[in-house]
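Reader: Hello! Could you take me on a close tour of the ligand site in this model, with the cut-offs spelled out as you go?

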Amino acid sequence: MKLVFATNNLNKLKEVQEMLPKSIELLSLKDINCFEEIEETATTLEGNAKIKANHISENYNYNCFADDTGLEVDALYGEPGVYSARYAGEPANAENNMTKLLKNLENKTNRTAQFRTSICLNLNGEQFLFDGICKGDILTNRKGEKGFGYDPVFQPKGYQKSFAQMSSEAKNKISHRGLAIQKLVEFLKKTY
Ligand code: IMP
């Protein structure tokens with residue numbers, strides 16, 4: 001089955017491709033010649049995932065799924081959440097986002113946080129939602145060079161390494177997106 005993953009982020013595409021069974025052929029937005037920007041105007045992760053998946057279903061004739069992820073920091077009442085990509089303003093910049101986050105947590109003792117991913121799957125006219133959560137702590141300094149986004153400052157619960165110090169394989173097994181994708185894959189395996 002051909003299945004579109006509504007993303008242009010090659011890091012994410014690679015992560016997901018590694019987890020999917022070979023019977024499912026994953027296509028990117030570029031593969032289906034979708035080059036327009038899909039505006040993420042919702043105020044929830046679920047809402048943005050739906051907007052993206054619906055755009056593909058309505059304008060291209062493919063089964064598809066879309067994801068949206070946010071970093072929810074307890075001491076910041078769930079911020080940056082749905083606004084994680086542009087926390088420090090435009091243009092989106094991971095370094096500036098991490099600097100802002102570390103500054104906002106400077107005087108906070110509670111550094112607990114979670115990454116949360118919401119996935120919306122549009123399959124043969126039906127819609128399904130999946131989510132994945134990875135709990136952890138925000139470090140006081142950046143650690144590691146791998147990954148992307150907030151990886152250098154996020155240490156998953158039960159580990160002494162940041163996401164940026166893990167291989168993508170190790171991260172996939174425990175990450176928010178990995179867990180949400182696992183649920184999606186289990187569902188697709190049962191359905192196909
Ligand atoms: P997206 O919805 O996957 O594009 O994620 C929104 C933003 O959350 C990204 O721009 C990153 O800043 C952050 N983010 C998402 N997933 C991860 C991750 O696995 N590690 C670190 N940051 C992430």
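Author: Happy to. Let's start with the contacts: a polar side-chain atom of D68 sits 2.9 Å from an oxygen atom of the ligand. That pair counts as a polar contact, meaning two N or O atoms within 3.5 Å; within protein, one must be able to donate a hydrogen and the other to accept it, and residues adjacent in sequence count only if both atoms are side-chain atoms. R177 also places a polar side-chain atom 2.9 Å from a ligand oxygen atom, and for H176 an N or O atom of the side chain is 3.1 Å from an oxygen atom of the ligand. The protein covers 87% of the 470 Å² of accessible area that the ligand has on its own (Shrake-Rupley method, 1.4 Å probe; for residues, only the protein chains shown count as cover).

A word on the basis: this is a predicted model, in which local features need pLDDT of at least 70 and side-chain atom pairs count only at pLDDT 80 or more, while totals for chains, interfaces and linings use all residues. Residues are numbered from 1 along each chain as its sequence is written, and side-chain values use heavy atoms, with hydrogens and water left out.

Now the shell. There are 13 residues around the ligand, and K12, T69, D151, K171 and R177 come nearest; a residue is near if one of its heavy atoms lies within 4 Å of the molecule or strand in question. The shell has 4 nonpolar, 4 polar and 5 charged residues. Here Ala, Val, Leu, Ile, Met, Phe, Trp, Tyr, Cys and Pro count as nonpolar, Asp, Glu, Lys and Arg as charged, and the others, Gly among them, as polar. At least two shell residues each come from β3 (64–73) and α5 (176–191), where helices (H or I, at least four residues) and strands (E, at least two) are DSSP runs numbered from the N terminus.

The ligand takes up the space of the largest pocket, in the sense that more than half of its atoms lie within 2 Å of the grid points. On a 1 Å grid over the protein atoms alone, a pocket is an open set with protein on both sides within 12 Å along at least five of seven lines, and lining residues have an atom within 4 Å of a point. Of its 38 lining residues, K12, E40, D68, A85 and R86 lie nearest the centre. Two or more lining residues come from each of α2 (45–59), β3, α3 (94–104) and α5, with β3 giving the largest share, 5 residues. By class, the lining divides into 14 nonpolar, 11 polar and 13 charged residues.

How values were computed. 1 Å grid on protein atoms, 1.4 Å probe; cavity = no way out; pocket = protein on both sides within 12 Å on 5 of 7 lines; lining within 4 Å.
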